[in-house]
Amino acid sequence: MNKKLVWIAGILGSLVLGVLIALAGSQNGALWLGLPLFAVCCGIAFLVQWLLFIPAYIFQTERYFDLAGSLTYISLVVVAWSLSGPADLRSFVIGSLVIIWACRLGSFLFNRVSAAGEDGRFRSIKPDFLQFLMTWTIQGAWVSVTLAAGLAAMTADQQEPIGLLGAIGLSLWFFGFSVEVMADKQKSKFKQEKPGEFITNGLWRYSRHPNYFGEIILWIGIAVLAWPVLQGWQYATLISPVFVIFLLIKVSGIRMLELRADKRWGDDPEYQAYRSNTPVLIPRCDL
């Protein structure tokens with residue numbers, strides 16, 4: 001298939017996904033100027049990416065790509081808080097957790113790209129207008145769908161006490177967030193001390209991608225927190241953690257990193273042993 005058609009299909013597919021999640025999450029939700037607030041937030045997510053794409057393409061830079069995604073999460077939380085009326089405890093907790101996560105991840109990724117000088121993934125993407133636009137559009141879908149369960153709960157028209165499910169969701173989020181932060185710190189320190197080698201210590205002893213494991217768990221926590229106040233089609237927003245799992249395993253995360261690692265260390269017997277004995281995602285603790 002012609003590459004341009006692939007990029008166009010990627011753009012249209014991301015938009016369709018955004019529209020579908022907007023329709024589902026808007027049911028039984030708050031309105032702003034007669035419009036479903038959930039859908040407005042999804043629209044903002046895409047609009048922000050397209051506006052930022054313009055200078056990114058003109059100046060051929062991806063340096064602010066990850067930071068833009070994180071700032072979009074924060075912006076949508078603030079919009080939801082501001083326009084949906086007085087925030088209850090659940091809405092405040094979910095929004096606060098998303099902001100904490102976005103600030104940490106956005107600053108971490110921005111500093112990493114700044115230190116490296118570039119994000120190698122974008123080297124061949126930046127010059128191609130449609131492919132680069134598709135990448136920014138996919139980020140709009142990523143924000144909309146990943147945040148969907150939490151955003152639906154924040155804009156829902158019913159309120160419930162946090163309760164047991166809320167406590168479970170909060171515990172899952174803190175566990176996942178802690179794992180992600182610890183794994184990222186361990187890998188950053190390792191790369192500074194032993195550049196060019198592959199990490200096998202700390203959490204990376206038990207999983208080849210413990211940071212992604214933590215990321216998945218924390219979004220499951222957000223979905224569990226959101227669950228009690230969802231109604232009707234809003235339940236479709238619980239696809240959020242499933243979407244995160246799909247992206248991290250099949251699209252931009254594990255798949256790409258595993259291919260890169262195999263290309264770099266595939267002939268190394270020590271790496272082959274590490275790959276054979278260490279789970280790709282879910283940690284295994286050998287007692």
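These exercises work through helix packing, burial and backbone angles in a predicted model.

The model is predicted, so local features need pLDDT of at least 70 and side-chain atom pairs count only at pLDDT 80 or more, while totals for chains, interfaces and linings use all residues. Residues are numbered from 1 along each chain as its sequence is written, and side-chain values use heavy atoms, with hydrogens and water left out.

**Exercise 1. Describe how helix α1 packs against helix α5.**

Step 1. Two packed helices are described by the angle between their axes and the distance between the axes. Helices (H or I, at least four residues) and strands (E, at least two) are DSSP runs, numbered from the N terminus. Axes are lines fitted to C-alpha atoms, for helices over the stretch in contact, and angles run from 0 to 180 degrees between N-to-C directions.

Step 2. Read the values. α1 covers residues 3–26 and α5 covers residues 129–146. Their angle is about 20°, and their axes are 9 Å apart.

Step 3. Name the arrangement. That angle makes α1 roughly parallel to α5. Angles under 35 degrees count as roughly parallel, over 145 as roughly antiparallel, 65 to 115 as roughly perpendicular and the rest as oblique.

Step 4. Look at the contact (heavy atoms within 4.5 Å). Trp 7, Ile 11 and Leu 15 are among the α1 residues involved. On the α5 side they include Leu 133, Met 134 and Ile 138.

Step 5. Sort the residues of this contact of α1 with α5: 13 are nonpolar, five polar and one charged. Ala, Val, Leu, Ile, Met, Phe, Trp, Tyr, Cys and Pro count as nonpolar, Asp, Glu, Lys and Arg as charged, and the others, Gly among them, as polar.

**Exercise 2. Now do the same for α1 and helix α2.**

Step 1. α2 spans residues 37–58. It packs on α1 at about 155°, with the axes 7 Å apart.

Step 2. This makes α1 roughly antiparallel to α2.

Step 3. From α1, the contact takes in Ser 14, Gly 18 and Ala 22, among others. From α2 come Phe 38, Ala 39, Cys 42, Phe 46 and Trp 50.

Step 4. The classes are eight nonpolar, four polar and no charged residues.

**Exercise 3. Compare the spans of α7 and α8 with what is expected, then examine burial.**

Step 1. The expected span is 1.5 Å times one less than the number of residues.

Step 2. Helix α7 (residues 163–193) has 31 residues and should span 45 Å. Its end C-alpha atoms are 45 Å apart, so the two agree.

Step 3. Helix α8 (residues 210–226) has 17 residues. It reaches 25 Å, close to the expected 24 Å.

Step 4. Check burial (buried means under 20% relative accessible area, exposed over 50%, partly exposed in between, with a 1.4 Å probe and protein chains only). In α8, 16 of the 17 residues are buried. The buried residues of α7 include Trp 173, Glu 180 and Asp 184. Their cover includes α4 and α8.

**Exercise 4. Are Leu 33 and Gln 60 buried, partly exposed or exposed?**

Step 1. Place them. Leu 33 sits in the loop between β1 (31–32) and β2 (35–36). Gln 60 is in the loop between α2 and α3.

Step 2. Read accessibility. Leu 33 is exposed, at 71%. Gln 60 is partly exposed, at 30%.

Step 3. Check phi. Most residues other than glycine have a negative phi. Leu 33 has a positive phi near 55°. Gln 60 has a positive phi near 50°.
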